[in-house]
Structures are given as C-alpha cells and as structure tokens.
Amino acid sequence: QGTRVGLKTRPWVGSQVGTSLERKYNENGQRVLANLGLVQTWQVNERWSVSAGLDRSQTLLKEEVPPFNTNVPAAVGAFEDFTSVSLGTSYKQAYWSWATRIETRQADTEKKWGITAGMYVEPEQGLGLSAGAQIFRTDTVASGESTQGDLRLGLAYRPWQSRWIFLDRLDYIFEEQTEDTFTFDTWRLVNNLNANYKPNFKTQVALQYGLKYVQARFDQSLYAGFTDLTGIEARYDLTERWDVGVHGSVLHSWNADQLDYSTGLSAGYQVMTNAWVSVGYNFVGFRDEDFNNGSFTAQGPFIRFRFKMDQDSARRALTWFER
C-alpha cells in the first residue's frame, strides 16, 4: 500500500520541478520518504536541444518488522534511497530527428547505468523508418552484474490514398547475468507485423503476424525455440461513434508442437476525436510477453483505450476536459 502527495511547478522556461512526500507499506514494514525531481531543457537553436535531470529519494522514517521466515526471500524488495542523474540531447529537421540520453542511478545496494538512443526519418510521404537502442548495466551487491538491452528497427507505411496500412517492428533483446556461482544469458529476435485494410468506410480488417526465436543458457545448459502468432480482427461501425468487433489469434510453439488460441468479441466507443475506448471478453486466451502489447489475448474481460497523437490532439484533449 502507498500514499503520495506532491507538487509540480515550472519556475522558468524549460524547467520542471517536482517534489512529493510518500508513505509505503509492505511486508518489511513501513517507510516515509521524500522525493525531489528536477528536469531542465535548453533550446540551443531551432534544431538542437539539451536536457538534464536529477531525482533523489530520501528516507525520513523507516520501521522494519522481523521476517516471518528468514529462509524465504521477501516478495517485495527492501526500501532504498537513491540518486538518479540523466543527460540528453536531440536534433530535429523537417523529415528526420535523432535523440539520445545517458543516465545513472546510484542506490545503497545497486548501481545502474544506461544509454538510450533513437532516430526517425521519413524518406517519402507515407513512409516512416525508425531505429532505437536501450542498454542498461546493473551492479548489485546481492545478485552480481547484469546487462540488458533492446535494439529496435521500425517501419510505418501509411499513405493518404491507400486502403492499406502496414506497421512492422523488429527487436533484438538480450540479457546477461553473472554471479559467483551462476551464469545466465539469453537473447531473442522478435518481429511484429500488423496490417490494416479498410474495404469501405464502415469496415476494417486488421491482420497480425509475429515471430520470435529465443535462445537461453543456464550455466552449461542451452535451450532454444521458435514461436509465431497469427491473428485477425474485423470491426464494423454501427454509428459514427459506436463499433463492434470480433477477433481471434493462434500462438504456435514449434519445438513443443503446442497451439494456444484466443478468441473474443468487443464493442468500442469514440469518446472524442482521435480517442477510442472498447470493452470486450475473450472466451479463451493465452499470455506472451512479446505479443501482448498490441492486443489483449488473455482469457476474460478487458478494456482498451487508444489515443492518436498529432499536432492538434493535445489542443482537442484540453478543450474536451475543460467542458
């Protein structure tokens, strides 16, 4: 359980200062801590900008309780003070942009460093290409050293006059952990392809195909496998704001020769321009961390909210909330 109260302000151009007081409860006891954050952005010129950030969490009160069983690790990690510092820069032109950020987080029992970089370019109207990278290095007292990363390529094809839209993303995700008596490393190659076809003004058909290859090594044991996902969804507009849909997908694990299915129905409502919410139910379902982000595939009820961002969306959203 937790309760937090705070305040954010912009004392000058390009700055944001936030402070809060928080009380947390978990199985280790309770803690009262103060948080302070500062972000500053400098616009060097019309293309270049530089930003820096500082976050600090400091314990004011800590009351610990003895564990019920010392042989069982706590379900929630211990409370820790930390200081986080980041520095970033970005460059923008008419049809391409680039940004990068380095950061570090220093805590009592953990030290973490990271770098994030990304680039987006539009070589022609309706075609967008992106590339990104995230790499984090963590050194902890209890579990040794670990490295995590995600290298990503993306493509968006959405010309004005076409009935088709294509979105594709390729990720190379890796993780390595080294301890005194244990070594673990894994990598996976994941590709998600989504296509949307609009035969008329009331009907849309969405197609999805995802694939991934995973390889993991635990000490001297090596495991590998290939999995793919095939999905389809059809939606029909009942009115200008209401629509209904039906969807289904199949997850195939080729090495285990196992099939999992997800099927369901949903109804959607356009809350305002570029904002849509839907409620649905899956009669059968499955979970997969690499394929669940685009749609809800687990069994049971679900709610989805989608919002399209462009140069006019923020203005419309503020107008709607002020009603």
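**S266 counts as buried, with a relative accessibility of 7%.** The term buried means under 20% relative accessible area, exposed means over 50%, and partly exposed lies in between (1.4 Å probe, protein chains only). This is a predicted model, in which local features need pLDDT of at least 70 and side-chain atom pairs count only at pLDDT 80 or more, while totals for chains, interfaces and linings use all residues. Residues are numbered from 1 along each chain as its sequence is written, and side-chain values use heavy atoms, with hydrogens and water left out. S266 belongs to strand 15, which covers residues 258-272. The side chain of S266 makes a polar contact of 2.9 Å with the side chain of R235. Such a contact is a pair of N or O atoms within 3.5 Å; within protein, one must be able to donate a hydrogen and the other to accept it, and residues adjacent in sequence count only if both atoms are side-chain atoms.

**The whole chain, shown for orientation, contains one helix and 17 strands.** Helices (H or I, at least four residues) and strands (E, at least two) are DSSP runs, numbered from the N terminus. The C-alpha trace of the chain spans about 60 × 55 × 40 Å along its principal axes. The chain has 323 residues, of which 28% count as buried.

**D257 and N274 are two residues with a positive phi.** D257 has a phi of about 55° although it is not a glycine. The loop that holds D257 runs between strand 14 (242-253) and strand 15. D257 counts as exposed, because its relative accessibility is 62%. N274, likewise not a glycine, has a positive phi of about 70°. The loop between strand 15 and strand 16 (275-284) is the place of N274. N274 counts as partly exposed, because its relative accessibility is 22%.

**D290 meets R188 in a salt bridge, at 3.0 Å from N to O.** The pair links distant parts of the chain, 102 residues apart: R188 stands in strand 11 (residues 183-197), and D290 in the loop between strand 16 and strand 17 (300-307). A salt bridge is a side-chain nitrogen of Lys or Arg within 4 Å of a carboxyl oxygen of Asp or Glu. D290 and R188 are both buried.

**D290 also forms a salt bridge with K212, at 3.0 Å from N to O.** This pair, too, links distant parts of the chain: K212 lies in strand 12 (residues 203-218) and D290 in the loop between strand 16 and strand 17, 78 residues apart. K212 is buried, as is D290.

**D150, R152, R169 and D171 are joined into one network by salt bridges that share partners.** Within the network, D150 and R152 form a salt bridge whose closest N and O atoms are 3.1 Å apart. D150 is buried, because its relative accessible area is 14%. R152 is partly exposed, because its relative accessible area is 32%. In total, the structure holds 13 salt bridges.

**R4, K8, R10 and K24 form a patch of positive charge on the surface.** Lys and Arg count as positive and Asp and Glu as negative, with His and the chain ends not counted. Patches are made of residues with over 30% relative accessible area and no salt bridge; like charges are joined within 9 Å, and nonpolar side chains (Val, Leu, Ile, Met, Phe, Trp, Tyr) within 5 Å. The place of a charge is NZ of Lys, CZ of Arg, CG of Asp or CD of Glu. R10 is found in the loop between strand 1 (2-9) and strand 2 (15-26). R10 is exposed, because its relative accessible area is 61%.

**A nonpolar patch on the surface consists of L87, I102, I115, I135, L151, L153, L170, Y172, L189 and Y213.** Together these residues have about 800 Å² of accessible area, computed with the Shrake-Rupley method and a 1.4 Å probe, with only the protein chains shown counting as cover for residues. At least two residues of the patch come from strand 9 (144-157), and at least two from strand 10 (164-178). L153 is in strand 9.

**I303 belongs to strand 17.** I303 is exposed, because its relative accessible area is 66%. From C-alpha to C-alpha, I303 and A267 are 9.8 Å apart in space, and they are 36 residues apart in sequence.
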